[in-house]
Amino acid sequence: MKQLLIALTLLALTGTAVAQSDPITTAKRASQMLDDAANSLSNAESASDRVGALTETVRAYEEGLSALREGLRRASIQERSIALVFEAKRDRLSRLLGVLQTIGTSPAPLLMMHPTGAIGTARSGMILSEVTPALQNEALTLRSQLEEVRDIRSLQQSAATQLTKSLSEVQIARVELSKAIADRVELPRSFTNDADKMRALVESSDTLQSFASGLTDLNPSDLNNPADFETAKGKLSLPAAGIILHRFNETDASGITRPGIVLATRAQSLVTTPWPATLRYSGPLLDYGNVVILEPSKGYLLILAGVDQTFGEVGEVLDQGAPVGLMGGLPPNPDAFLITAAKGGGGNQQESLYIELRQGDEPVDPATWFATNKE
């Protein structure tokens, strides 16, 4: 009876079981997204618009891998939480298991006997009838948590298998996209680029601002309806999946202040147009690496710097969501992916995309135009 009273006291300290479905559901949804992406890759071969189909395929892989990363991160946190709970309550759980084992092995008549006689026996029976359901609930909670750990480890094993396949397939999709863009029929053009004048402008410009101003003068725009673009303010999708690393006019660790935002992206991320636009420039510029400059509307220039591989020809009119490049870096192998996902860090968000939006000759805060996390 003393053991039962100790167990009853300890039961008051029992926490509720951690919800099981969240990380596992997230990972399963991600797995389905990757399976859908694999089907899209197979179907892209026969699509009438291979560039569009492969663009959506690469996006689907990126979203699926991001969701899988999040599911694994949550699962790892969940597993560590359960392990900490077990460690903190190890002695208490040992006593609980001892009580359950004693109840299970003692003969039923002996359990009801009490040395003080019939009244004591009745009282002990009443206490036992109250304690037993509580002990059973505690045992069920323990079993639920152990089953959750089992499911998480099973999830991690299956994720490792799918990762090897998906990381390989997304690279195939990127290569096929590059080929499809190179093979496509020339897009409509807003103007014909003068290569000699463009080269002279690149060589004579010493700042991004001077280049942007000269670019406008080099090929005057015939785009209309700037208000159409202005209605999209605050609603545009970012050109690449990532998180804002530095904001407008924020000084970075090197002491450099730029009138734009820096987006931390994962290696090989696809860069697309957030709005229908004319491609005004694509290539190396100053110390920015490869730069893509888009004109979404008359009087506006969207500058994307730090792209590794660029797509398209200057003067082409691009649809919203059209691919304009890929970020650099080496894609993670499955082991590295699993390690960074488990740690929950942004270890493979090692690429930086600089985004600047200019209205006339003045830069404006790009973050106010995109549907980003404002925190």
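What share of the contacts in the protein with a separation of 6 or more comes from residues 24 or more positions apart? The share is 74%, where a contact means heavy atoms within 4.5 Å.

**Before you click**

You're looking at a predicted model, in which local features need pLDDT of at least 70, side-chain atom pairs count only at pLDDT 80 or more, and totals for chains, interfaces and linings use all residues. Residues are numbered from 1 along each chain as its sequence is written, and side-chain values use heavy atoms, with hydrogens and water left out.

**Stop 1: the whole chain, coloured by confidence**

Start by colouring on pLDDT, the predictor's confidence in each residue, from 0 to 100. The protein averages 80, and 74% of its residues reach 70 or more. Now select residues 1–20: pLDDT stays under 50 there, and the model gives this stretch 36 contacts beyond four places in sequence. Helix H1 (residues 2–11) has the lowest mean pLDDT among the elements, at 38, while strand E3 (residues 270–272) has the highest, at 97.

Switch to cartoon and you get 10 helices and 11 strands. These are DSSP runs numbered from the N terminus, with helices being H or I of at least four residues and strands being E of at least two. Of the 375 residues, 39% count as buried; buried means under 20% relative accessible area, exposed over 50%, and partly exposed in between (1.4 Å probe, protein chains only).

**Stop 2: salt bridges along H3**

Next, show side chains on helix H3 (residues 50–88). Side chains of opposite charge can pair when their charged atoms come close. A salt bridge here is a side-chain nitrogen of Lys or Arg within 4 Å of a carboxyl oxygen of Asp or Glu, and the whole structure holds 11 of them.

Pick Arg59 and Glu56: their side chains form a salt bridge at 2.7 Å, N to O. The two sit three residues apart in H3, so about one helical turn separates them. Both ends are partly exposed, Arg59 at 23% relative accessibility and Glu56 at 46%.

Then move to Arg74 and Glu70, another salt-bridged pair, at 2.8 Å from N to O. This time the spacing in H3 is four residues, again about one helical turn. Arg74 is partly exposed with a relative accessible area of 28%, and Glu70 is partly exposed at 25%.

**Stop 3: from H3 across to H6**

Select Glu62 and Arg174, whose closest N and O atoms are 3.6 Å apart in a salt bridge. Arg174 lies in helix H6 (residues 118–183) and Glu62 in H3, so this pair ties together parts that are 112 residues apart in sequence. Both residues are buried: Arg174 has 7% relative accessibility and Glu62 has 17%.

While you're showing charged side chains, add Glu45, Arg50 and Glu176, which are linked in a network of salt bridges.

**Stop 4: the largest pocket**

Keep Glu62 selected and add Glu63, Ala241, Gly242 and Ser269; of the 32 residues lining the largest pocket, these five lie nearest its centre. The pocket was found on a 1 Å grid over the protein atoms alone, as an open set of points where a 1.4 Å probe fits, with protein on both sides within 12 Å along at least five of seven lines; lining residues have an atom within 4 Å of a point. Its volume is about 690 Å³, meaning the space filled by probe spheres set on the points, with grid points joined across faces, edges and corners.

Which elements build the wall? H3, H6, strand E1 (242–246) and E3 each supply at least two lining residues, with H3 giving the largest share, seven.

**Stop 5: two positive phi angles**

Go to Gln268, in the loop between strand E2 (261–265) and E3. Phi is near 65° here, a positive value in a residue other than glycine, and Gln268 is buried at 14% relative accessible area.

Leu286 is another non-glycine residue with positive phi, near 50°. Look for Leu286 in the loop between strand E4 (277–284) and strand E5 (290–297); it is partly exposed at 41%.

**Last stop: Glu351**

Finish on Glu351, in strand E10 (residues 351–359) and buried at 17% relative accessibility. Beyond four places in sequence, Glu351 contacts residues including Leu263, Thr265, Arg266 and Met327. Measure out to Leu330 and you'll get 9.9 Å, C-alpha to C-alpha, across 21 residues of sequence.
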